[in-house]
Amino acid sequence: MVYQNLAKADPELWSLVKQEIKRQKIGIELIASENYISEAVLEALATPLINKYSEGYPGKRYYGGNEIIDQVERLAIARAKKLFGAEHVNVQPLSGSPANAAVYQAFLEPGDKVLALKLDHGGHLTHGHALNFSGKLYNFTPYEVDSKTEEINLDILYELAKEVKPKMIVAGFSAYSRSLDWKKIAAIAKEVGAYCFADISHTAGLIAAGLLASPVPYFDVVSTTTHKTLRGPRGAIIMCREKYAEKIDRAVFPGTQGGPHENVIAAKATAFLEALKPEWQNYSQQVLDNARCLATELQARGYRLVSGGTDNHLLIIDLRSQEISGREAEKILEKIGISVSRSTIPNDPNPPFKSSGLRLGTPAITTRGFKENEVRLVADLIDRALKSGGDEKTLGLLKKETNSLSEKFPIPSL
Ligand SMILES: *Cc1c(COP(=O)(O)O)cnc(C)c1O
């Protein structure tokens, strides 16, 4: 993209933007929740649709002048429905957290009981963490991964559900590398009289590609961000059965949000179009292949992975045997231009700030064109950096290798 007006009008800001563009270009992005949008999606974001107030829904707005905006929003909805086979879609949520706020508000009263995966076992803040609105407003009971397999055990979830009798069961994760049996979870929810809510923020792109199972046919309601594996703009959508459409729409507006960001909705529409193309499957398959390759390569270098591997786009390294904390590892990799996020591991002996794990994901490097050959080089860079003992000279050399590898793979929108 060209930004000549911005560069001229605000050189101070432009210099920061330029630095960030450079950082993204020369670095290697392994944060599992990040991706690079296409030029088309970036251009959709920069359209004058941002100027419009459109509180309400297509055909029922609280402002005039929405004839075109209505068509934009209907287009985004139609494409999302097609992509996920959903009965009803709300495309207005500003991001994943507000989407989840709306889902809870639609189905729950404050104080209602909810089951969700514990944060340090792979869950998300909006799944009932004490510092989050979810944990303050609702009465969450966390479920955990099995201490032996480090996978979610549905027999244990079933027993817990019978005991707690929640009004809702949440399934979904931010740091879990295995797949979920949606049908079985939905059956458990039905048996105990709970709503079932799937938060597929991390895996939506892989589900859209048909490579991972979808909860949409079984679940009452499904939310997802649009900016992770789905490779769209920062935002979210909520999908639900037709019978809950009104509940969900009202919970988004006026329940939790005001005017929707129609430029972002337009960018979501373009991203959905990209994900509807046959190439999307190839991309998503490569995301999975790269994650498996990264897992195998790290294991071959002596790293233990939580649950022993991955079925999706992410993996979690257990660093307890490496004499380095997740935070130190994150810092060292940052020095060589590789971005990762520290992560807790199940039953982490260390506090979240110093957690013992490292979460890596392959959506962004795959968008950039990395395949198994490059992934092997990345695993090697990570290993050498983590074993460098922080030696500045070694890290300096590794940084050069990172930069020259990434510069061979230009990012489409930069
Ligand atoms: C990322 C994520 C969210 C929140 O998305 P934001 O856009 O950061 O608010 C919610 N749920 C899960 C499972 C996530 O991974």
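In this predicted model, helix α12 (residues 279-300) lies across strands β11, β12 and β15, and runs at about 15 degrees to β12. A further helix, α13 (residues 326-335), lies across β14 and β15, at about 45 degrees to β15.

The strands beneath discussion belong to an open sheet of four, ordered β11-β12-β15-β14 with antiparallel pairing. Strands β11 (304-305) and β14 (341-343) stand at the edges with a single partner strand each, so one side of each has no neighbour in the sheet. Strand β12 (residues 314-318) is joined to the antiparallel strand β15 (residues 357-361) by five bridges. In this pairing, L314 stands opposite G361 of β15.

Edge strand β14 also contributes three residues to the lining of the largest pocket, the largest share. This pocket is lined by 32 residues, and L119, G123, L125, S174 and T344 lie nearest its centre. The elements that give two or more residues to this lining are β5 (113-117), β6 (139-143) and β14. Because domain 1 (43-275) and domain 2 (280-406) both give residues to the lining, the largest pocket lies between them.

Of the 22 residues lining the second largest pocket, Q24, N35, I37, L42 and L414 are the closest to its centre. Two or more lining residues come from each of α2 (11-26) and α3 (39-45), and the largest share, five residues, comes from α2.

The two pockets are set out below.

| Pocket | Volume | Lining residues by class |
|---|---|---|
| Largest pocket | about 740 Å³ | 10 nonpolar, 14 polar, eight charged |
| Second largest pocket | about 640 Å³ | 10 nonpolar, six polar, six charged |

Key. Residues numbered from 1 in each chain as written. Predicted model: local features only at pLDDT ≥ 70, side-chain atom pairs only at ≥ 80, totals over all residues. Heavy atoms only, no water. Pairing = 2+ DSSP bridges. Contact = heavy atoms within 4.5 Å. Axes fitted to C-alpha atoms, helices over the stretch in contact; angles between N-to-C directions. 1 Å grid on protein atoms, 1.4 Å probe; cavity = no way out; pocket = protein on both sides within 12 Å on 5 of 7 lines; lining within 4 Å. Points joined across faces, edges and corners; volume = space filled by probe spheres on them. Nonpolar A, V, L, I, M, F, W, Y, C, P; charged D, E, K, R; others polar. Domains from an automatic or database assignment.
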